[in-house]
Amino acid sequence: MRFDKSKKHFEDALAAMPGGVSSPVRAYRAVGGHPLFIRRGRGSKLYDEDGNGFIDYVMSWGALVLGHADPSVVRAIRAAAGRGTSYGAPTSQETKLCRLISAAIPSIERLRLVNSGTEATMSAIRLSRGFTGRDKIIKFEGCYHGHSDGLLVRAGSGAMTCGVPDSAGVPRGIADETIVCPYNDVDSIASIIRKRHREIACVIVEPVCANMGVVLPRDGFLAALRELTAAHGIVLIFDEVITGFRLTYGGAQKLYNVSPDLTCLGKIIGGGLPIGAYGGRAEIMERLSPAGPVYQAGTLSGNPIAVNSGLAALKELAHLDYRALDERTQLLCDGMVEGMKREGVGFTLNRAGSMFTLFSTSSEVTDYQGAKRADTAAYARYFWSMLKKGINLPPSQFEANFLSFKHSRNDIKQTISSHNAALRFAATK
Ligand SMILES: *Cc1c(COP(=O)(O)O)cnc(C)c1O
């Protein structure tokens, strides 16, 4: 497999854009070499500028649960674009999208549309502060909530991949407002809340973490967060930017039966177009401007093309069988595990529904410290070996693989056979 054209495009990009990319993890720093430049996608497949085809498990970082270029989403986008690209005025489709989302996620009584997941979490934090009159926030080590200042503290994902757990340029004063707790550790957060609850506006968490690789909440972890926050008037925020409409039609809160005060969404709800949203209890949401004193605005928020794309995606998802998607993912994981056991390769596989991470470590991974034990050099070898066999995995150990409803049995078979060949390759290294 040749990557000559991608290499040339990357050299051009490096002279025009910092690191040659619009978002850091795309630059392949964690696996070496240069990234693929993409020409098009369709269903489960991605095609690069050199004409190579890949079965894709990045799926735009989880956004494309319907696969690339889903026909009904593309049709909706074309139709919307023909009616104008932005009005700066309300449309009835925004209300429709918000209603669809509230019906699927009942804890959301009111919803505000924004343009990215980052905007959703950043705004939900401000709203929590405005609502409680407190300044401190609690997040968990290895959870990623976008790149706003106060949330870029031990943030997993790209920050973890690029070896910068805390970004330069974040004022000390802002970082100091963020308290970080280990994921899955109820005792540690309970003790902090006991001592400092009068200062704490909110607790923000990925209910299933996907940004240090997939890490599942321990039994009772989310329920304990609900109880602790409710007892002290602290706003509980579930960041479901990845898990929303991924783990169920709804989100992780439906699966685990825990209702947060606020929920952040993004990725899937735009059908692949830039969008974000945050919503929850009416009493809190009605504090937002113009109803209340907490300001947040957006020139392109509720953009008609993104909203119609999201509407088409959610309408289609409402009729699809998530259990079948989970079973297909299980089939893939079972096949991969079988190969590794046969070859005696140490690993830990974490799966939640249609997302999973294969960690290059034999010790279990339940938090950030555990994830960091993974052998990233081994992952890089595995990544390239898979890529050359036509399988596009995330270019970092600390990301999730995503299946879509378009991944076929045949895709799974082909992936398992590439995986087995990649293991033999890694073993001979
Ligand atoms: C991707 C992601 C974000 C940020 O969303 P952007 O659209 O990239 O700004 C926030 N939270 C979680 C859990 C995410 O996975």
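Reader: Where is the place of asparagine 211?
Author: This is a predicted model. In it, asparagine 211 sits in the loop between β7 (200-205) and α8 (221-231).

Reader: Is asparagine 211 buried or exposed?
Author: Asparagine 211 is buried, because its relative accessible area is 6% and the cut-off for buried is under 20%.

Reader: What does the side chain of asparagine 211 make a polar contact with?
Author: With the side chain of glutamate 206, at 3.0 Å. Asparagine 211 also faces the ligand: an N or O atom of its side chain is 3.1 Å from a ligand oxygen atom.

Reader: Which other residues are around the ligand?
Author: The full set is Ser116, Gly117, Thr118, Tyr144, His145, Gly146, Glu206, Asn211, Asp239, Val241, Ile242 and Lys267. Both partners of that side-chain contact, glutamate 206 and asparagine 211, are in the set.

Reader: How does the shell divide into nonpolar, polar and charged?
Author: Three of the shell residues are nonpolar, six are polar and three are charged.

Reader: What is the distance from lysine 267 to the ligand oxygen?
Author: A polar atom in the side chain of lysine 267 lies 2.6 Å from an oxygen atom of the ligand.

Reader: And tyrosine 144, which part of it lies by the ligand nitrogen?
Author: The backbone. One of the N or O atoms there is 3.3 Å from a nitrogen atom of the ligand.

Reader: How much of the ligand does the protein bury?
Author: The protein buries 83% of the 380 Å² that the ligand exposes when taken alone.

Reader: Changing topic. Which peptide bond is cis?
Author: The one from serine 289 to proline 290 is cis, and its omega is near 10 degrees. Proline 290 is in the loop between α10 (282-285) and α11 (304-317).

Reader: What else is in the loop between α10 and α11?
Author: Asparagine 303 is one of its residues. Asparagine 303 counts as buried because its relative accessible area, 16%, falls under the 20% limit.

Reader: What is asparagine 303 in contact with, neighbours within four places aside?
Author: Thr85 and Ser86. Glutamine 414, on the other hand, is 39 Å from asparagine 303, C-alpha to C-alpha, with their positions 111 residues apart in sequence.

Reader: Backbone angles next. What is the phi of tyrosine 28?
Author: Tyrosine 28 has a positive phi of about 65 degrees, although it is not a glycine. Tyrosine 28 belongs to the loop between α1 (4-16) and β1 (38-42), and with 6% relative accessibility it counts as buried.

Reader: And methionine 59, what is its phi?
Author: Positive too, about 50 degrees, and methionine 59 is not a glycine either. The residue is in the loop between β3 (53-56) and α2 (71-82). Methionine 59 is buried, at a relative accessible area of 0%.

Reader: Now the whole chain. How many helices and strands?
Author: There are 15 helices and 14 strands.

Reader: What radius of gyration does the chain have, and what would a compact globule have?
Author: The chain has 21 Å, and a compact globule of 429 residues would have one near 22 Å, so the two agree. The C-alpha trace spans about 60 × 55 × 45 Å along its principal axes.

Reader: What share of the residues is buried?
Author: Buried residues make up 56% of the 429. The chain exposes about 18,000 Å², of which carbon and sulfur atoms supply 51%.

Reader: And the contacts, what share comes from residues 24 or more positions apart?
Author: Such pairs account for 73% of the contacts in the chain with a separation of 6 or more.

Methods: Residues are numbered from 1 along each chain as its sequence is written. This is a predicted model: local features need pLDDT of at least 70, side-chain atom pairs count only at pLDDT 80 or more; totals for chains, interfaces and linings use all residues. Side-chain values use heavy atoms; hydrogens and water are left out. A residue is near a molecule or strand if one of its heavy atoms lies within 4 Å of it. A polar contact is a pair of N or O atoms within 3.5 Å; within protein, one must be able to donate a hydrogen and the other to accept it, and residues adjacent in sequence count only if both atoms are side-chain atoms. Accessible areas come from the Shrake-Rupley method with a 1.4 Å probe; for residues, only the protein chains shown count as cover. Ala, Val, Leu, Ile, Met, Phe, Trp, Tyr, Cys and Pro count as nonpolar, Asp, Glu, Lys and Arg as charged, and the others, Gly among them, as polar. Helices (H or I, at least four residues) and strands (E, at least two) are DSSP runs, numbered from the N terminus. The radius of gyration is taken over C-alpha atoms; the globule rule is 2.2 Å times the number of residues to the power 0.38. Buried means under 20% relative accessible area, exposed over 50%, partly exposed in between (1.4 Å probe, protein chains only). Contact means heavy atoms within 4.5 Å.
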